[in-house]
Amino acid sequence: MRAITESVVEKPKRTVAVVLLLTLLFMASASQLKEETSLNAMFPSYPEVKLMEDIQHDFGNVEPVIIILRGDDVLTPEYFSKTAEITSKLLEDGSISDALIQPKEQSIESLPGILALYRLSLEGKMHPSQSEVLAEMRSFESKEEITETLEAFLSDPNIPEDMKDYALSFLPKDFNGNAMKSGEMAIYVSLNAGLPENELERVEREIEAIAGNVDADSLTYGFQLLNYYYVKTEERLAPAFVLALLLILALMFFNFRNVGDVLLSLLTLFLAMVWTFGLAGAFGWKLDLMAGMVPILILGLGIDFSFHVLMGYREKLREMKTPGKAMKAVLSTVGVALLLAMITTVVGFSSNGISDLPSMRHFGFLAAFSIVAIFVLNITFVPAVRVLIDGRREKGAPARKTKGHYRTLKVPWFISGKITAAILFLAILLAGAAGWSLGLGMKASYDPTGELAKDLSVTRAYDLLNEKFSVGTERVYVRVDGNLTNPALWAGLQNAVRRMNDDAYIVRSNGTAKVEWILTLVPFLSMENPEVLRTYSAVDGDGDGFIDEGVSPEKLKEFLSAVYGTPMGRYYLHRNKNGGFNGLLLVVPTRTDFGYHGKELLKELREDFAGINASIGFTGEPIIWAKGLDDVRDSMISSMFLCLLFAFIVLPLAFGLAHRSPLLGLLVAVAPFLVLGWLFLTMRLFNIPLNTMTAMVGAIIVGIGIDYPIHIANRWALERRAGKDFDECYSISLSSTGREVLYSALTTLIAFGVLVTIPIPIITQFATTTLFGLIYSLLGAVLVLPILIRLFWHRDAEERPGAKV
């Protein structure tokens, strides 16, 4: 540190030149940055992700898009005509039509479409054209006509129950069949999931636009739409950054009372951002929502370092009058505290690098590097520029006015008395212990729309689907690999499907699990190929919906061949190169709060399919996210304990070397440990969820929050070495360094506080949690640390055993 200080102060021009050259290099790398537009990028290469890719390759898979029509009552001719209009426009649009699954006529399904087919079948038209179906959908002339047709359809004994349940799935699950009135109705659009994500996103946006043009109140949900609005959401961080910048500018000017120091601090922040995103560009990382918050982080934390350097410089300049000597003095004292603060903060952020989730890992490394950049710039660039400017003033310009001495602070009564300090510390310790107990028991959760603004239509569509419709937005895929012409295998599979009726997190209808596989799809497959129904009758003689036990492999193969001969059947059945049927797909609608109960669901499914002589694989968003959420929680715990372990080892060592007092370093490390306990307690009291963003707060708070007690303890040790008693050390440390810590905390609070104004739940939760953590960290530095020092470290002469009073 001394060598760096000498070089910076003695050769400031060279220092500035080197910094600007590095900035140009980082700027070139930053120009290569791209945005991350996919939510799936959050996942590492889990086996379940690979299984999803294999399913898409072997079965073709389907990307569902759901349009929701809303009104006082959608079971009216007006909304039936709107459904026909939307269906017609989607089929006529060439780019959308090319993305639909085959057969295209069955890729857009709705209740009006089913009722239209039913009326045409009663007229003897068993295989009507698409134009005939659309015309029939528009032919309903009254509410009564629609009600009579729906009642007839639901009571017709010739209609399979699966078909009736499917028809009702287009209406909310609380649909009252007696009143025959509904405020919402869904239209299902099935896209080919094998298309590239950018192509699917474009198609889903076109579908949303067409639906919106036909009915302005309609809502559209699609996973790729989430990706699109995810990028749009990132753009809302820019106004928050500007607002934070303006507020911090006001605070900086109030503190510095000097435009030059304000501009120098801002320039330092800009250089730190260029360096940070230059690193991201050099590694080829993309900017996602987490990385997009790094500029706000730099804005809040970068000012802290500038405050300590510039305010410490002013204080020394009053004593030494010479800029060079004053800057050397401040870097040799404050610089040690800044170094310790930088190291602990870097460890706090970079500990997120142990996460398996790429977004958390990249955020951790970028945030850590930004702190390194800020530290380097504040011990090189800032001192060099300040010395250059003040050196010129020293040669002829009027001296700059400096503020007077800090005012004297009196030690509060609850700290000055050992008994009251001990009682208060015990209460603080108990609160921290309770928080740790609750925090370690927290379970991670995720809401895919949590990263989207609540005022977006796709967010409202997602919420509405999960609140009111039975299918919702979650799907689990069960892949079965084995000899499908083996009757014993079908017996096991059918028993597994029956056992799924009792599973807590699987969507059911009338007590039956809503499983999509070739046996429940027979009515739909028969519409594509009548041979399906004939061959199915041969393997299900009693008509119970399950294949008979004594069926022969030959009849099974004949049935499977008929199914595979339909376009829809190939999405659920796989045939190998030799013509044998060896793969089966079951699609299971679930409700796990997007993976929150995914582990329980997976356990139930494994129990359901236990003992089957085949290879069974389970995947889907709920299962993948369950694994990801476990990684989020494990990463949080690991990163926090890593930070705390580092603090409890390094700080005693550092304070032992700098001030010959390892105990003081140990007391500094105790403060963030207690702060985390308070933070966990607050999260439980205010129901703040543990998610991909709030899980990072623990390590962040250790990294940021430990800076405050480090600076105060460093100043305290210096004053004690000068012979000051407890009251004097408290007064000087809290009124000088404490003031700098307060302003540092305020800038960080402003930076994160503006995030609360953004209507993005996950950002609001992250910001709220961080704000509490920062406030507690400040209290830990100005309240807990003095109490710890009073009880365990700083004793005045008259308090020491054997001392003469």
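Is Tyr 743 buried or exposed? Tyr 743 is buried, at a relative accessible area of 9%. By buried I mean under 20% relative accessible area, by exposed over 50%, and partly exposed is in between, with a 1.4 Å probe and protein chains only.

Quick housekeeping, then. This is a predicted model, so local features need pLDDT of at least 70 and side-chain atom pairs count only at pLDDT 80 or more, while totals for chains, interfaces and linings use all residues. Residues are numbered from 1 along each chain as its sequence is written, and side-chain values use heavy atoms, with hydrogens and water left out.

Okay, back to that tyrosine. Tyr 743 is found in helix α30, residues 726–753. When I say helix or strand, I mean DSSP runs numbered from the N terminus: H or I with at least four residues for helices, E with at least two for strands. Who touches Tyr 743? Leaving aside neighbours within four places in sequence, Tyr 743 is in contact with Leu 251, Phe 254, Asn 255 and Phe 307, where contact means heavy atoms within 4.5 Å. For a sense of scale, the C-alpha atoms of Tyr 743 and Val 476 are separated by 51 Å, with the two positions 267 residues apart along the chain.

Val 476 takes us to the sheet. Strand β7 covers residues 474–481 and is joined to β12 by six bridges, the two running antiparallel. The whole thing is an open sheet of four strands in the order β10-β11-β7-β12, with antiparallel pairing. Its edge strands are β10 (573–575) and β12 (615–620), each pairing on one side only. On average, neighbouring strands here are turned by 20° against each other, direction ignored. That angle uses axes that are lines fitted to C-alpha atoms, for helices over the stretch in contact, and such angles run from 0 to 180 degrees between N-to-C directions. Pairing, by the way, needs at least two bridges found by DSSP between two strands. And if you want a spot to click on, Asp 481 stands opposite Ser 615 in β12.

Next, charges. How many salt bridges does the structure hold? The count is 28, taking a salt bridge as a side-chain nitrogen of Lys or Arg within 4 Å of a carboxyl oxygen of Asp or Glu. Let me show you three. In one of them, the side chains of Glu 145 and Arg 119 meet at 2.5 Å, N to O. That pair links distant parts of the chain, 26 residues apart: Glu 145 is in helix α8 (residues 143–155) and Arg 119 in helix α6 (residues 111–122). Arg 119 is buried, at 15%.

Another one has Lys 468 and Glu 184 meeting at 3.2 Å, N to O. Here the partners are 284 residues apart, with Lys 468 in helix α20 (residues 457–468) and Glu 184 in strand β4 (residues 184–192). Lys 468 is partly exposed at 30%, whereas Glu 184 is buried at 12%.

Then there is Glu 558 with Arg 534, at 2.9 Å, N to O. Glu 558 lies in helix α24 (residues 553–564) and Arg 534 in helix α23 (residues 530–539), so this pair ties together parts 24 residues apart in sequence. Both ends come out partly exposed, Glu 558 at 37% and Arg 534 at 44%. There is also a network, in which salt bridges that share partners join Asp 261, Arg 314, Arg 386 and Asp 390.

While we have α20 on screen, look at Arg 460, which is also placed in that helix. Arg 460 is partly exposed, with a relative accessible area of 37%. Its C-alpha is 8.8 Å from that of Tyr 221, although the two are 239 residues apart in sequence.

Two backbone oddities now. Met 180 has phi near 50°, a positive value in a residue other than glycine. Met 180 is found in the loop between α9 (161–168) and β4, and is buried at 4%. Arg 660 has a positive phi too, near 55°. Arg 660 is in the loop between α26 (621–659) and α27 (662–685), but this residue is exposed, at 79%.

Last stop, and then I'll take questions. Which helix gives the most to the nonpolar patch? That is α2, with six residues. Leu 24 is found in α2 and counts as exposed, at 54% relative accessibility.
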